[in-house]
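Open the model in your viewer and keep the sequence panel visible. The stops below are given as selections to make, each followed by what is to be found there.

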Amino acid sequence: MPPRSRRRDAVLMPRRILALAALAVLSLTACAAPAPSSTPTAAPAAASATPSPTPTTPSAPVPAELVVRSVGVQLYDSAGTEIGAFAWADETATALVVLELAFGPAPVPSIRAGDGTHYADYEAYEFLGGFTYFTAINLEKPRAEYFLPSTVQVDTGEPINGVSIRTGDGLRVGGTLAQVLALSPPLNYPHALGTAYLVDPADPALVTDLENSTDMVAAVVDGDGTIMRISAPYPSRSLI
C-alpha cells in the first residue's frame, strides 16, 4: 500500500470510530423506552354535602268563629275555612272535640234531669263565658231517632277565648229585634225571657206542617228588643 494511502487511512480511522460511537449512542438513545410519566391520578372530588331542607310543620289552625245552624255547629278559622263541625245527633265526644278547639278544655258536666217520660236526662257542659252544650244521656233509642239528642245555648255576644258566635243568618246575642224581623221569621213562641223567633229551618217545607216538625234556630228577644239568647235546635212544632 502506498505511503499516502496509509496516512489517509490513519487520519480517517479515528473519525470513523468517533462517528460509529456517536451513532451507537444515538441508536441506544432512540431505542431506549421512555420512562413512564408518573402523573398522579386526581382523587375524585368529594360530593358537596348539601343539607336536606328541614320539613316545616304546618301551623295549627286558629279558631275565629263558631256558627250555630239548625243542622248543627260549624267552626271556622280567620280565613273562613271550616276546621270543625258536628251535627246534633253526633256522639258527645265528636262535639266536644270541636268545642274544646274553640273554647278550651271542656268543663265537668252537670246533670239536668228529664221528666222521666218525654224528655231525657242531659249532661250540661257550661263553658266559661256563656256557651252551654247539652247532650242527651241514657237514651233507650239511637241518638238519631231521638227528637232532641243535643242542643246548644248562647248567652253572650262577646267572643269566648277569642272566638265569636253567631247564627247562620248573622244574628248575635246583643243584636236587635229589627235584625231578627228583617229575616221574616215564620214562627215565634212565648219564652221565659221574652219571645223566641224561629229562623233557618232545616226543612222549610215542614215549617207550616201541623203534624211534623223541623229543627230551627231560636233568637230569644226580650221586651226591650234585644236578643238575649240563641238556642238550637228548636223544634218548629212541639212533638209532645
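The tour goes from the sheet to a helix, then to the charged pairs and a loop. Keep in mind that this is a predicted model.

**Stop 1: the open sheet**

Colour the strands first. Eight of them form an open sheet in the order β4-β5-β6-β7-β12-β11-β10-β9, with antiparallel pairing. Strands β4 and β9 (187-191) are at the edges; each has a single partner strand, so one side of each has no neighbour in the sheet. From one strand to the next the twist averages 25°.

Strands in a sheet pair through backbone hydrogen bonds, in a parallel or an antiparallel way. To follow one such pairing, select β4 and β5, which are antiparallel over three bridges. Ile111 has Glu123 in β5 as its bridge partner.

**Stop 2: strand β6**

Now select residues 131-137, strand β6. Are its residues buried or exposed? Seven of the seven are buried. In a regular strand the side chains alternate between the two faces of the sheet. Show the side chains of β6: Phe131, Tyr133, Thr135 and Ile137 are on one side, Thr132, Phe134 and Ala136 are on the other, and both faces are covered.

Next, add the partners of β6. With β5 it pairs in the antiparallel sense over seven bridges, and Glu126 stands opposite Thr132 in β6. The hairpin of β5 and β6 has three residues between the strands, and Gly129 there takes a positive phi near 115°. With β7 (residues 150-154), β6 pairs over five bridges, again in the antiparallel sense. Phe131 stands opposite Val154 in β7.

**Stop 3: helix α2**

Select residues 92-103. Helix α2 has twelve residues, which at 1.5 Å a residue should span 16 Å, and its end C-alpha atoms are 16 Å apart, in agreement. The helix lies across β5 and β6, running at about 170° to β6.

Which residues of α2 are buried? They are Thr92, Ala95, Leu96, Val98, Leu99, Ala102 and Phe103. These cover an arc of only 165° around the axis, which puts them on the same side of α2. An α-helix has 3.6 residues a turn, so residues three or four places apart point the same way. Turn the view to the other side of α2 to find Ala93 and Val97, which are exposed.

To see what covers the buried residues of α2, show β1, β2 (72-77), β3 (82-87), β5, β6 and β8, which are among the elements that do so. Finish this stop just after the helix, at Gly104, which takes a positive phi of about 100°.

**Stop 4: the salt bridges**

Side chains of opposite charge can pair when their charged atoms come close. The whole structure has four salt bridges; three are visited here.

Select Glu65 and Arg166 first. Their closest N and O atoms are 2.9 Å apart, in a salt bridge. Arg166 is in strand β8 (residues 164-167) and Glu65 in strand β1 (residues 63-68), so the pair ties together parts 101 residues apart in sequence. Arg166 is buried, at a relative accessible area of 18%, and Glu65 also counts as buried, at 19%.

Add Arg172 to the selection. Its side chain meets that of Glu65 in a salt bridge of 3.4 Å, N to O. Arg172 is in the loop between β8 and α3 (177-181), and Glu65 is in β1, so this pair ties together parts 107 residues apart in sequence. Arg172 is partly exposed, with a relative accessible area of 31%.

Move to Arg112 and Glu126, whose salt bridge has its closest N and O atoms 3.2 Å apart. Arg112 is in strand β4 (residues 110-112) and Glu126 in strand β5 (residues 121-127), 14 residues apart. Both are partly exposed: Arg112 at 35% relative accessibility and Glu126 at 41%. Return to the earlier selection to see the network of Glu65, Arg166 and Arg172, joined by salt bridges that share partners.

**Stop 5: Pro204**

Last, select Pro204, in the loop between β10 (194-199) and β11 (215-221). Pro204 is exposed, with a relative accessible area of 58%. Draw a distance from Pro204 to Met216: the two are twelve residues apart in sequence and 9.4 Å apart in space, C-alpha to C-alpha.

Key:
Residues numbered from 1 in each chain as written. Predicted model: local features only at pLDDT ≥ 70, side-chain atom pairs only at ≥ 80, totals over all residues. Heavy atoms only, no water. Helix = DSSP H or I, 4+ residues; strand = E, 2+ residues; numbered from the N terminus. Buried < 20%, exposed > 50% of the residue type's maximum accessible area, 1.4 Å probe, protein only. Expected span 1.5 Å × (residues − 1). Arc of directions from axis to C-beta. Contact = heavy atoms within 4.5 Å. Pairing = 2+ DSSP bridges. Axes fitted to C-alpha atoms, helices over the stretch in contact; angles between N-to-C directions.
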